[in-house]
Amino acid sequence: MVKVLFVHDGSKNASRVLSYLSDTLQIELWQVSSVLEGEEKFKGVCPDIVLIPLSSGASPELKRISGWQRICSVQEHRPGFLLYTIQNDDLLFFDISQGCNSITLLQSGASQQVVALMRQVFGRSKIERSLRDDYDYHNRVISSMHLSCLEVDNGVITRVNPAFLQISGYDEHEILGQSPETFFTRLADSEELLFTSLPAKSREGIIREKHDKEIPCRITISPGNSEVFGDGIWFIEDRREYASLFSVLKETEYECREQLYLAETIVIRLSPDGFISFANPAASGCFGYDPDTLVGSPVSVLFPPVATIDENLAELFLEVSDASSSALHIFEHCKKNGGYLWIAWTSRGLYNADNELTGIICVGTDMTEYASNGRERISTRAWRDRILTSTDIGPEVFDAVLQACMEIGREGREGKPVGTSFLVGDSDEVLKLSRQLILNPFSGHPPEIRMVSVPDVREMLKEYALLDGAFVVSGEGLLEAAGRYITVDTSFVSLPKGMGTRHSSVAALTSITGAVGFVVSESGGKVSIIKKGKIVKVIA
């Protein structure tokens, strides 16, 4: 039902209109005698339509009606205002905001037309109220949000929120009517146009602050219906904090890069296909190359020629990065001048968002030492003590067996790769848990010709390495047996992928004895050192 506040000035025309309004049950009617009384009644009624006789539109009443309408426009309730009069049996309604409507009173259905007009004005007022409420709500949102906002129409700023006034230092009257180019510029190193109406396109820019400060920002333009570039709503994000963090990050990156170049630790980066994309000076110097000459070379130049046949050595470093193996990996390398060295590597694979390998970072420590004759050999002093703890193995025995294994892995026998294994220490228990596959070639020989530290004995080991089974060496370095078959159950052993039965049987035996196992892989010549069922070192 439409609520109508009717101003009846006592005239004949007013009485006639009142009769049409009173004849319908579709209108809820309140009657007052003047505009002043209507203003008072309005507060308690909140009508949808206010009907005022046209005669009241003369000054000074016209000013009062205009003031009344302005008061309603700033309040929650906004009715439709109609001036009415009758001329020559035609009822005329003057909608203050929409124009004039005429209804002939002598024709049938005049009352229905009056009601229809009331409903039309009521519906229009309701829609206007809804749109105005939405507009006011959006205004409040834009005014209260921390993100700066401008509205640009026909190339000039027509609206600005308080957040932009605060960040720029200007007053509102200094901004409205100005071109955005007065307050913004694009970044010096950016080739993108700043003033373009491409939708959902953000670009970096600079706010020219009132006191000549330059404030980095990101601008996103939501284009309007205009064809003028830059027209629409501008959302401006303050990027000072981001710029500060980016600057600190850059400085930290430079410091890290400087430390990386100055560090004594060897650092290289490999591409997935095995080419060196970065090498710090420590790496170049360690391998005997001039600075920066390693970059672009295949990593195979760092290995002895025998290790580079049909093999992508990047995969060898990627294997080092496998989280399933906690062992220290030591690789045998070759210098530019042909000398040998041993590097202990830690590597990590680099992956993109699609989990594709993009590179490998390799960090190494030189483990090379020099014998009394000047020849290079691997240094074990930094790491063997931990392995020898709680065993009966002497350091010189450990080094002698390791040297024998490395020679077997590198040279094989008559050019052919050979795989074998050694069980060192706790020899009595090891012999109990294994049996001979062949006659023991060391049985009955005096101890002095069975010591693994004797060079000639190590040469003999290369011959016996062709036999199936493992070597057994006491903690004092005495070769007890060759060709031993390990009889321990291996089902409980867990080793990284790619390890065969030789590794698993040695791991099983070391897990229940105090022995340390050395396994030479037939494929690749790697030497794996095993203690308590786990691989603790890998030397390739």
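Is Arg239 buried or exposed, and what is its relative accessibility? In this predicted model, Arg239 has a relative accessibility of 7% and therefore counts as buried, since the cut-off for that class is under 20%. The sections below place Arg239 among its salt-bridge partners and then turn to other parts of the fold.

**The chain as a whole**

The protein chain contains 14 helices and 26 strands. Of its 540 residues, 42% count as buried, and the chain exposes about 28,600 Å², of which carbon and sulfur atoms supply 51%. Among the contacts with a separation of 6 or more, 53% are made by residues that lie 24 or more positions apart.

**Salt bridges**

How many salt bridges does a search of the whole structure find? The search finds 12, and three of them are set out in the table, with the N to O distance for each pair.

| Salt bridge | N to O distance | Accessibility of the Arg | Accessibility of the Glu |
|---|---|---|---|
| Arg218 and Glu204 | 2.8 Å | Arg218, 30%, partly exposed | Glu204, 25%, partly exposed |
| Arg239 and Glu237 | 3.8 Å | Arg239, 7%, buried | Glu237, 32%, partly exposed |
| Arg410 and Glu332 | 2.4 Å | Arg410, 26%, partly exposed | Glu332, 10%, buried |

The side chains of Arg218 and Glu204 meet in a salt bridge at 2.8 Å, N to O. This pair links distant parts of the chain, with Arg218 in strand β11 (residues 214-223) and Glu204 in strand β10 (residues 201-208), 14 residues apart. Arg218, with a relative accessibility of 30%, counts as partly exposed, and Glu204, with a relative accessible area of 25%, is also partly exposed.

Arg239, the residue of the opening question, meets Glu237 in a salt bridge of 3.8 Å, N to O. The two partners fall into separate classes, for Arg239 counts as buried at 7% relative accessibility, whereas Glu237 counts as partly exposed at 32%. These residues do not stand alone, as Glu204, Arg218, Glu237 and Arg239 are linked in a network of salt bridges.

In the third pair, the closest N and O atoms of Arg410 and Glu332 are 2.4 Å apart. Here too the pair links distant parts of the chain, with Arg410 in helix α11 (residues 395-411) and Glu332 in strand β15 (residues 328-334), 78 residues apart. Arg410 counts as partly exposed at 26% relative accessibility, while Glu332 is buried, with a relative accessible area of 10%.

**Helix α11**

The helix that carries Arg410 has 17 residues and reaches 24 Å from its first C-alpha to its last, close to the 24 Å expected at 1.5 Å a residue. Buried residues in α11 include Val397, Phe398, Val401, Leu402, Met406 and Ile408, and among them are also Cys405 and Glu407. Just after α11, Gly412 takes a positive phi of about 65 degrees.

**Strand β13 and its partners**

Which strands pair with β13, and over how many bridges? Strand β17 (residues 357-366) pairs with β13 in the antiparallel sense over 5 bridges, and within this pairing Ile266 stands opposite Gly364 in β17. Strand β14 (residues 276-279) likewise pairs with β13 in the antiparallel sense, over 3 bridges, and there Arg269 stands opposite Phe278 in β14. β13 and β14 form a hairpin with 5 residues between them, and Gly274 in the turn has a positive phi of about 90 degrees. Because 4 of the 5 residues of β13 (residues 266-270) are buried, the strand is largely enclosed by the rest of the structure.

**Cysteines and Phe81**

A disulfide is a covalent bond between the sulfur atoms of two cysteines. With a cut-off of 2.5 Å between sulfur atoms, the count comes to 0 disulfides. Of the cysteines, Cys46 is partly exposed, with a relative accessible area of 34%, whereas Cys334 is buried, with a relative accessible area of 13%.

Phe81 has its place in strand β4 (residues 80-87) and is buried, with a relative accessible area of 3%. The C-alpha atoms of Phe81 and Val121 are separated by 8.8 Å, and the two residues are 40 residues apart along the chain.

Technical notes:
Residues numbered from 1 in each chain as written. Predicted model: local features only at pLDDT ≥ 70, side-chain atom pairs only at ≥ 80, totals over all residues. Heavy atoms only, no water. Buried < 20%, exposed > 50% of the residue type's maximum accessible area, 1.4 Å probe, protein only. Helix = DSSP H or I, 4+ residues; strand = E, 2+ residues; numbered from the N terminus. Pairing = 2+ DSSP bridges. Contact = heavy atoms within 4.5 Å. Areas by Shrake-Rupley, 256 points an atom, 1.4 Å probe, with all protein chains shown as cover. Salt bridge = Lys/Arg side-chain N within 4 Å of Asp/Glu carboxyl O. Expected span 1.5 Å × (residues − 1).
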